[in-house]
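Subject: Structure handed over, with notes on what was found

Dear colleague,

I am passing on a structure for you to look through, with the sequence beside it. Please open it first and keep it in view while you read the notes underneath.

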Amino acid sequence: MVDKFTGSFIQQSELPKAAFEKAHEVLSSARLHRYGSLPDTLSESAQLEIAYAKYQGAEYCLACTSGGQALQIALRAAGVKHGDKVLTNGFTLAPVPGSIQAVGGKVTLVEINEDLVIDCNDLEAKAKSSGAKFLMLSHMRGHLADMDRIVEICDTHKIILIEDCAHTMGATWSGIKSGNFGHIGCFSTQTYKHINSGEGGLLTTNDPAIIGRAMIMSGSYMNYERHGTVPDAKYFEDAKYDCPNMSARMDNLRAAILLPQIDELDQAILDWNKRYDIIAEFLIPHSPKVILPKSNDKAIRVASSIQFRVPNLSNDGALKLIDDLYVRGVEIKWFGRNEPAGFTSMHNHWHYVESQKLPATDRYLKDLFDMRLPLSFSLDDCKIVGQILADEIQKA
Ligand SMILES: *Cc1c(COP(=O)(O)O)cnc(C)c1O
């Protein structure tokens, strides 16, 4: 038996060599941002927009300063006005309610189910009762809801769907990439997501009017034709007078770092899922003391983290489990904390959002734990972590 794991849960894998080279080129050129690229050349940001649109299978892409900015621009480009209700999951990360709040929308929370995805029955009920015309669907921790049903509900109620794909870059449902089900997909390239530029985000859409507005808002200064994926000039005609500037386009250095990572993404997804499966194999025999969320057969996830519930654990029991694992070198987080710690995903910690009753979500979050699976872990590392987790959960 291994007493202690010595790997780091916050160490991401090294960036590809090509990222160093590309970054160096950008630094030497001093053309770090906006429209200083040489005539007849494409800036790295524009190249990234072309490369990501191709990877995603979307017509248009806009590279943004963060995932949160991509969400805000998406909401504005989709037409959210002050006071409009926006439906979203009761379980997500703070940038999601934050973006809705920032554009003046009213966050309208929907319950999740035991598999940690939005509860489609509650979504349908709240679509009817609230009359909301927007859904920001957060694929939190990479778990995909029944996308066939989501699309059907949105069609029936004439709801504009924006997907928050911060945890599902490269994931699919029935072979279709997450982010391609609604009007807009938003992605994050923050260090702990699936490609790493420190801070950063991407927005994709097939709608030329939406990308026209989004580009102007990102700070095009009427140089929109120098972006990577540009719609017909007519889509800028109204937008350029009506859309305020948010100065939120990604700079060339970050785009240069990301470009080579897109080529490695599909391999990284296989590597993450392999790590998840190893750890899951250690936990499954301990069911029902520990419960893993079920994945639908139609979904191929990107398991860059693992979630599990340990029902019937008291608050003190949960804190003790975290401490006992920490002593053995395994770092887990708990969504049931009374106060935000490390990150905030509990809806009742967002005091800027009108308080809402979500008894089912609260019940599931109370005993839900979360662990990162960085690709810097070897498969043997994952066996050690899995064994320690299983031991300590068994004792809890
Ligand atoms: C990280 C994240 C985002 C976007 O965050 P940024 O840090 O602004 O890029 C959005 N939604 C979820 C669920 C996230 O975890």
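The notes below take up pockets, a cavity, two pairs of packed helices and two details of the backbone.

Please keep in mind throughout that this is a predicted model, and that the values below were computed from it.

I begin with the open spaces. The largest pocket has a volume of about 710 Å³, and 40 residues line it, with R141, H167, Q190, Y192 and K193 lying nearest its centre. If you would like to find this pocket by way of the secondary structure, look at helix 3 (67-78), helix 4 (95-102), strand 8 (184-188) and strand 13 (368-372), each of which supplies at least two residues of the lining. Sorted by class, the lining of the largest pocket consists of 18 nonpolar, 14 polar and eight charged residues.

The second largest pocket has a volume of about 280 Å³, and its lining is made up of 18 residues, of which S13, H194, Q261, A268 and L375 lie nearest the centre. In this second lining there are seven nonpolar, seven polar and four charged residues.

As for closed spaces, the count comes to one cavity of 30 Å³ or more. The largest cavity has a volume of about 70 Å³, and among the residues that line it are W334, F335, R337, E339 and H349. By class, the lining of this cavity divides into six nonpolar, three polar and two charged residues.

I turn next to how helices pack. Two packed helices are described by the angle between their axes and the distance between the axes, and I give both values for each pair.

Helix 3 and helix 4, which you have already met in the lining of the largest pocket, have axes that come within 9 Å and cross at roughly 40°. Angles under 35 degrees count as roughly parallel, and helix 3 and helix 4 are therefore oblique to each other. Their crossing is right-handed. On the side of helix 3 the contact involves G68, L71, Q72, L75 and R76, which meet P95, V96, S99, I100 and A102 in helix 4. The residues of this contact are six nonpolar, three polar and one charged.

The other pair is helix 10 (residues 252-283) and helix 13 (residues 379-395), which pack at an angle of about 30° with their axes 8 Å apart. Helix 10 and helix 13 are therefore roughly parallel to each other, and the crossing of this pair is right-handed. The contact is made by residues including I278, I279 and F282 of helix 10 and L379, V385, L389 and I393 of helix 13. Sorted by class, the contact of helix 10 with helix 13 has 10 nonpolar, two polar and three charged residues.

Finally, there are two places in the backbone that you may wish to inspect. A cis peptide bond joins S287 and P288, with omega at about 5°, and P288 has its place in the loop between helix 10 and strand 10 (299-300). The other place is S174, a residue other than glycine whose phi is positive, near 50°; S174 lies in the loop between strand 6 (172-173) and strand 7 (176-177).

With best wishes

Notes: Residues numbered from 1 in each chain as written. Predicted model: local features only at pLDDT ≥ 70, side-chain atom pairs only at ≥ 80, totals over all residues. Heavy atoms only, no water. 1 Å grid on protein atoms, 1.4 Å probe; cavity = no way out; pocket = protein on both sides within 12 Å on 5 of 7 lines; lining within 4 Å. Points joined across faces, edges and corners; volume = space filled by probe spheres on them. Helix = DSSP H or I, 4+ residues; strand = E, 2+ residues; numbered from the N terminus. Nonpolar A, V, L, I, M, F, W, Y, C, P; charged D, E, K, R; others polar. Axes fitted to C-alpha atoms, helices over the stretch in contact; angles between N-to-C directions. Parallel < 35°, antiparallel > 145°, perpendicular 65-115°, else oblique. Left-handed = near helix turned anticlockwise from the far one by under 90°. Contact = heavy atoms within 4.5 Å.
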